[in-house]
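This report introduces a single protein chain to a reader who has not seen it before. It begins with one loop residue, turns to other selected residues, and closes with the chain as a whole.

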Amino acid sequence: MAKKLFTKKLSKTDIDYRMSVPMKSFDAFRIRKGEHCKEIGVTDINGKRKRFRCSTRKTGLHPKPVLSSGWTAFAKERDLRKGDEVTIFVMGDINGAEDLEFQIQARRKMELFGKVFWTDPL
């Protein structure tokens, strides 16, 4: 069973360098205390498995989590653009297994005759 973790409208930085993760969703990535990154398994809409790195700052009060390695390749593969939307889902029970599996879905915002439409998942 999939549960929506977060939906994010992408910025240029999210696409070109790393995607920031909302702090309210950070705990789901389960980065151990004293560590600053973790490889996570992600399945796209076509069932293809990817590996993304979720990392945090090493210093400071706020960890500012981001998806980096693997994420930028995914963004380029899908030709994601500023304003597109990405939704990350958690597969299974958030309170159960130590390592969770994630699912990712991206959509493009389009405007036609003054009306806004979202594409099918990319």
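## A proline in a loop

Pro-63 is partly exposed, with a relative accessible area of 23%, in a model that is predicted. This proline belongs to the loop that runs between β4 and β5, the latter covering residues 66-67.

Setting aside the neighbours within four places in sequence, Pro-63 is in contact with Met-23, Phe-26, Thr-56 and Arg-57. One of these partners, Met-23, is 40 residues away from Pro-63 along the chain, and yet the C-alpha atoms of the two are separated by 8.3 Å.

## Two buried residues with polar contacts

Asp-44 is found in the loop between β3, which spans 37-43, and β4, which spans 49-55. With a relative accessible area of 1%, Asp-44 counts as buried, because the limit for that class is under 20%. The side chain of Asp-44 is joined to that of Arg-78 by a polar contact of 2.5 Å. Arg-78 also appears among the residues that Asp-44 touches, together with Lys-50, Phe-74 and Ile-104, when residues up to four places away in sequence are not counted.

Thr-87, in contrast to a loop residue, is part of strand β6, which is made up of residues 85-91. Its relative accessible area is 8%, so Thr-87 is buried. A polar contact of 3.0 Å links the side chain of Thr-87 with that of Thr-7. Beyond the neighbours within four places in sequence, the contacts of Thr-87 are Lys-4, Phe-6, Thr-7, Gln-103, Ile-104 and Gln-105. Ile-104 is thus a partner of Thr-87, and Ile-104 is also touched by Asp-44.

## Positive phi angles outside glycine

Most residues other than glycine have a negative phi. Against that background, Asp-79 has a positive phi of about 55 degrees although it is not a glycine. Asp-79 sits in the loop between α2, residues 71-77, and β6, and at 40% relative accessibility it counts as partly exposed.

Phe-113 is another residue other than glycine with a positive phi, here near 55 degrees. The loop that holds Phe-113 lies between β8, residues 109-112, and β9, residues 115-118. Phe-113 is exposed, with a relative accessible area of 81%.

## The chain as a whole

Two helices and nine strands are present in the chain, and, read along the sequence, they follow the pattern β-α-β-β-β-β-α-β-β-β-β. The radius of gyration is 15 Å, close to the 14 Å that the globule rule gives for 122 residues, so the chain is as compact as a globular protein of that length. The C-alpha trace spans about 50 × 35 × 25 Å along its principal axes.

Of the 122 residues, 39% count as buried. Among contacts between residues at least 6 apart in sequence, 51% join residues that are at least 24 apart; the pair of Pro-63 and Met-23, being 40 residues apart along the chain, gives a local view of such separation in sequence.

The chain exposes about 7800 Å², and carbon and sulfur atoms supply 52% of that area. There are 27 positive and 16 negative charges in the chain, and the mean positions of these two groups are 4 Å apart.

Conventions. Residues are numbered from 1 along each chain as its sequence is written. This is a predicted model: local features need pLDDT of at least 70, side-chain atom pairs count only at pLDDT 80 or more; totals for chains, interfaces and linings use all residues. Side-chain values use heavy atoms; hydrogens and water are left out. Helices (H or I, at least four residues) and strands (E, at least two) are DSSP runs, numbered from the N terminus. Buried means under 20% relative accessible area, exposed over 50%, partly exposed in between (1.4 Å probe, protein chains only). A polar contact is a pair of N or O atoms within 3.5 Å; within protein, one must be able to donate a hydrogen and the other to accept it, and residues adjacent in sequence count only if both atoms are side-chain atoms. Contact means heavy atoms within 4.5 Å. The radius of gyration is taken over C-alpha atoms; the globule rule is 2.2 Å times the number of residues to the power 0.38. Accessible areas come from the Shrake-Rupley method with a 1.4 Å probe; for residues, only the protein chains shown count as cover. Lys and Arg count as positive and Asp and Glu as negative; His and the chain ends are not counted. The place of a charge is taken as NZ of Lys, CZ of Arg, CG of Asp or CD of Glu.
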